[in-house]
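Colleague: I would like a close look at a single helix in this model. Please take me through its two sides and what lies around them.

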Amino acid sequence: MSWYRNAVWFVKGLREYTRSGYESASKHFNPADVEVDVAGRSFVVTGANSGIGKATAKEIARRGGTVHLVCRSKERAEVAKEEIVTETGNQNIFLHIVDISNPKEIWKFAEKFRNEHKLNVLVNNAGCMVNNRELTEDGLEKNFATNTLGTYILTTALMPLLEKEADARVITVSSGGMLVQKLNISDLQSENGTFDGTMVYAQNKVWSVLLEAKPSTLVFFFLFNQRSLAWQTIVPLLLFLAVRSSMPDFYEKMKNTLRTEAQGADTVVWLAVSAEATKLPSGLFFQDRQPVATHLPLASTHSPLEDEEKLMKVLEEFSQKFRSTSPV
């Protein structure tokens with residue numbers, strides 16, 4: 001990461017990514033955008049037992065939506081479900097225990113879900129920031145498995161359901177930290193050099209933005225230009241709920257400045273339920289209900305098309321490998 005990218009991002013972060021940045025931006029929000037009834041629509045929210053995921057699920061539930069909470073921890077998920085049902089009065093809240101870092105488990109869940117439910121909106125929120133290099137039981141680096149491959153597999157596996165709906169949406173939560181990284185496909189699983197969990201996480205989020213920006217290049221996304229399927233990525237900014245465990249020193253210094261969970265979830269909810277969001281093109285990167293640039297000015301983070309295509313190919317190969325070994 002160059003000193004220039006670091007400096008520009010830091011200044012931008014203090015101005016826009018903090019609680020005061022949200023309060024300033026929210027003065028231009030139209031409250032009516034999210035004052036909607038989404039009863040009868042089905043939503044999947046990953047990582048929904050805490051943070052942005054839980055806040056998103058709760059706001060959708062308040063508006064009458066059927067919400068499927070996809071979580072890794074059964075105990076925490078049950079607590080979150082009870083809280084959401086109690087606070088919203090919405091009984092249509094369902095739990096699915098899935099480890100998004102486990103490709104075979106994702107395929108198994110998706111195949112079962114497709115046979116039992118409909119789906120209007122998928123919110124890819126689950127993520128992790130592991131500071132030491134860890135491998136999953138499948139030999140995958142854990143950040144890559146969760147933040148990139150897991151998101152890819154879940155989205156492609158649920159495509160048959162989304163394609164059936166007239167107003168289907170896919171929303172992937174990213175991070176402002178991705179702005180300091182340039183796509184690097186030479187070391188997708190961080191096997192070389194010194195491992196830096198923060199930078200690996202940021203690199204993963206670069207990949208997630210590319211996946212949303214180029215859905216028509218994916219094998220299962222061929223109907224992109226023929227159906228009203230909206231793909232968007234949002235940046236939750238300096239909410240960084242994960243920093244409580246992953247970056248404790250940063251959290252202690254910034255906790256009174258960071259956005260609340262509800263503020264971090266606001267744009268996710270807006271993209272998931274508002275009619276206004278569908279008036280904008282698919283594949284954009286959002287901040288505070290507005291599309292924003294995916295690169296800092298003069299930061300030299302643009303990647304060649306062949307690298308982006310190679311990333312897609314590698315993810316598809318991984319996806320099909322684990323699909324063929326997934327128990328039905």
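Modeller: What follows is about helix H4 and then the nonpolar cores.

The model is a predicted one. Helix H4 runs over residues 74-88. At 1.5 Å a residue, its 15 residues should span 21 Å, and the C-alpha atoms at its ends are 21 Å apart, so the expected and computed lengths agree.

Within H4, the buried residues include Ala77, Ala80, Ile84 and Val85. These four lie on the same side of H4, because they cover an arc of only 130° around the axis. The general background is that an α-helix has 3.6 residues a turn, so residues three or four places apart point the same way. The other side of H4 carries Glu75, Val79, Glu82 and Thr86, which are exposed.

The cover over the buried residues of H4 includes helix H3 (51-62), along with strands E2 (66-71) and E3 (93-97). Just after H4 comes Gly89, with a positive phi of about 75°.

As for the cores, the largest nonpolar one has 33 residues, and Leu119 and Leu149 touch the most other members. Two or more residues each come from helices H5 (103-116), H6 (142-157), H7 (159-162) and H12 (305-325), and from strand E5 (168-173). H6 gives the most, with seven residues. A second, separate core has 30 residues, among them Ala55, Val121, Ile171 and Leu271.

Conventions:
Residues numbered from 1 in each chain as written. Predicted model: local features only at pLDDT ≥ 70, side-chain atom pairs only at ≥ 80, totals over all residues. Heavy atoms only, no water. Expected span 1.5 Å × (residues − 1). Buried < 20%, exposed > 50% of the residue type's maximum accessible area, 1.4 Å probe, protein only. Arc of directions from axis to C-beta. Contact = heavy atoms within 4.5 Å. Core = buried A, V, L, I, M, F, W, Y, C linked by side-chain atoms within 4.5 Å.
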